[in-house]
Amino acid sequence: MADPFGFLKYQRKDNPYRPITERINDWEELQIPLSAEERQEQAARCMNCGIPFCHTGVFYGGKRAVSGCPNDNLIPEWNDLVFRGDFKNAFERLVKTNPLPEMTGRVCPAPCEKACTEGLNGLGVTIHDNERFIIDHAFENDWVKADGLPAERTGFKVAIIGSGPAGLSAAWRLNQLGHQVTIYERSDQAGGLLMYGIPNMKLDKEVVQRRIDVMKEVGIEFVLNTEVGVDISAAELQRNYERIIIASGASVPRDLKITGRELDGIKFAVDYLTECTKDVLQHGKQAAAQKLSGKHVVVIGGGDTGNDCIGSALRQGAASVKQLEITPQLPKIRATDNPWPEYSMIDREGYGQAEGKTKNTELTDYSTATTAFIGAERGQVIAIETNQVDHQFQPIAGTKKTVKADLVLLAMGFVGAEKSLLNDFGIQEIYQDYTTNNEKVYVAGDARRGPSLVIWGIREGRKAAENVDQVLRALIHQ
């Protein structure tokens with residue numbers, strides 16, 4: 001264990017955010033990492049709690065949420081190693097379960113910290129930031145490439161469809177186990193939502209590309225601009241590979257089909273965020289194109305994606321940003337029916353919301369539904385019509401309001417995977433062990449379990465890869 005008195009000696013200290021007035025003028029990363037010495041102090045706060053809840057991944061509320069990390073991370077072990085300054089062994093313990101910790105160390109909401117024993121009567125350990133420190137230190141010392149090199153090759157070939165968290169995780173693990181892996185990605189860049197679904201200030205694309213580059217170095221092949229079912233057939237993949245893993249994500253966004261939906265200026269959040277990232281990749285992180293200068297932006301949806309849209313619109317010079325959330329505002333402290341170690345369902349101000357309040361004090365309207373889009377004669381959206389709703393999401397009489405809007409971003413989540421890809425492989429059943437009714441095809445990540453966190457995609461990719469490995473190795477002895 002770490003310093004048994006560390007949690008008494010040291011106060012929690014997160015990686016600080018850059019000042020709002022500075023960061024909204026570029027696309028550089030939000031946080032400033034602490035020094036190694038400060039990070040060791042934070043790791044020392046991990047106490048000998050006896051039964052660590054941080055890495056349990058226990059479901060509650062009818063499987064609505066999870067307490068602790070669902071990826072079985074060996075958190076107390078690598079916290080102790082960081083405290084001792086043994087960063088190499090900390091890295092080796094970290095990557096036994098998480099092949100992409102540089103991603104989760106930046107974008108994961110850290111259910112592990114909410115389940116930390118210290119969180120019972122205070123603030124949990126900075127697990128999220130400790131994880132980022134370990135993996136960034138590992139990249140600096142070239143430990144990551146060595147971790148990905150297989151001891152020997154099996155001769156089996158596996159295709160993976162999709163290069164998001166689940167696809168990358170599965171590919172890394174399969175390659176470690178000696179199989180030849182090819183990832184098929186329909187976009188022009190690898191990384192899936194890590195590349196195009198999360199803005200640069202939250203997850204720097206150099207970090208994503210750094211991982212892709214290492215994956216190529218250890219023998220993983222990427223085939224970009226190639227859509228399975230269009231540019232290459234499902235039948236051809238099944239002929240050329242022993243097994244296939246579909247990790248295409250839950251890419252169908254939830255729509256809002258109300259009056260005026262056909263107007264110009266209404267976009268899905270993921271499409272808008274993709275455009276923003278393409279601008280950054282083309283023009284650089286310092287170039288904050290003022291595409292929305294003088295424009296009024298409305299974001300419909302109160303989750304992480306909505307928060308990312310707010311921050312992105314501000315960087316593009318939006319005159320104002322308004323956020324609408326159909327659910328009520330969460331409480332500031334845990335409700336009695338939401339005890340530790342459950343994930344704390346409390347109101348949290350995201351980085352984008354903090355930035356947005358510099359433009360609009362009353363940034364977010366809760367318990368608010370959008371009932372119509374209003375357009376000009378030229379077919380461009382100019383406003384939206386809203387209503388307050390009750391707890392059954394029914395409109396409250398007398399609360400109708402009109403909000404100016406030159407751009408509306410639909411950030412209401414995703415409804416599931418594209419069915420056409422599954423149909424191409426004849427998949428009618430997907431089982432708990434990632435197998436399907438087609439013995440050659442596995443499904444993992446959001447494509448299997450629906451829209452979820454990056455850490456769930458990583459877990460699913462790793463587990464699916466290990467199941468594929470067991471089946472392929474059994475073929476050797478037949």
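In this predicted model, strand β9 (residues 296-300) is largely enclosed by the rest of the structure, because four of its five residues are buried. Strand β9 pairs with two other strands. With β10 it pairs in the parallel sense over five bridges, and four bridges join β9 to strand β15 (residues 407-410), which also runs parallel to it. Residue I300 takes part in both pairings: its bridge partner in β10 is L324, while in β15 it stands opposite L410. The connection from β9 to β10 involves helix α15 (residues 304-315), and these three elements make a right-handed β-α-β unit. In general terms, the strands of a sheet pair through backbone hydrogen bonds, in either a parallel or an antiparallel arrangement.

The antiparallel arrangement appears in an open sheet of three strands, with the order β12-β13-β14. The edge strands of this sheet are β12 (368-375) and β14 (401-404), each of which pairs on one side only. On average, and with direction ignored, neighbouring strands of the sheet are turned by 30 degrees against each other. Between β12 and strand β13 (residues 381-388), the antiparallel pairing extends over seven bridges. One position in this pairing is I374, which stands opposite A383 in β13.

Among the helices, α8 (residues 127-140) may be described in further detail. Helix α8 has 14 residues and reaches 20 Å from its first C-alpha to its last, close to the 20 Å expected at 1.5 Å a residue. Of its 14 residues, 12 are buried, so α8 is largely enclosed by the rest of the structure. The buried residues include the run I127, H128, D129, N130, E131, R132, F133, I134, I135 and D136, together with A138 and F139. In an α-helix there are 3.6 residues a turn, so residues three or four places apart point the same way. Helix α8 is followed by D142, whose phi is positive, near 60 degrees.

The loop between α7 and α8 contains E118. Residue E118 counts as buried because its relative accessibility is 8%, below the cut-off of 20%. When its neighbours within four places in sequence are left aside, E118 is in contact with F7, R45, C46, M47, L123, G124 and V125.

Several loop residues have notable backbone geometry. Residue D72 has a positive phi of about 65 degrees although it is not a glycine. It is placed in the loop between β2 (65-67) and α4 (75-83). With a relative accessibility of 29%, D72 counts as partly exposed. Residue A110, likewise not a glycine, has a positive phi of about 60 degrees and is found in the loop between α6 (101-107) and α7 (111-114). At 4% relative accessibility, A110 counts as buried. A further feature of the backbone concerns a peptide bond: W340 and P341 are joined by a cis peptide bond, with omega about 5 degrees. Residue P341 lies in the loop between β10 (320-324) and α16 (351-356). Strand β10, which precedes this loop, is the parallel partner of β9 described above.

Terms used:
Residues are numbered from 1 along each chain as its sequence is written. This is a predicted model: local features need pLDDT of at least 70, side-chain atom pairs count only at pLDDT 80 or more; totals for chains, interfaces and linings use all residues. Side-chain values use heavy atoms; hydrogens and water are left out. Buried means under 20% relative accessible area, exposed over 50%, partly exposed in between (1.4 Å probe, protein chains only). The expected span of a helix is 1.5 Å times one less than its number of residues. Two strands pair if DSSP finds at least two bridges between them. Axes are lines fitted to C-alpha atoms, for helices over the stretch in contact, and angles run from 0 to 180 degrees between N-to-C directions. A crossover is right-handed if, with the strands pointing away from the viewer, the path from the first strand over the helix to the second runs clockwise. Contact means heavy atoms within 4.5 Å.
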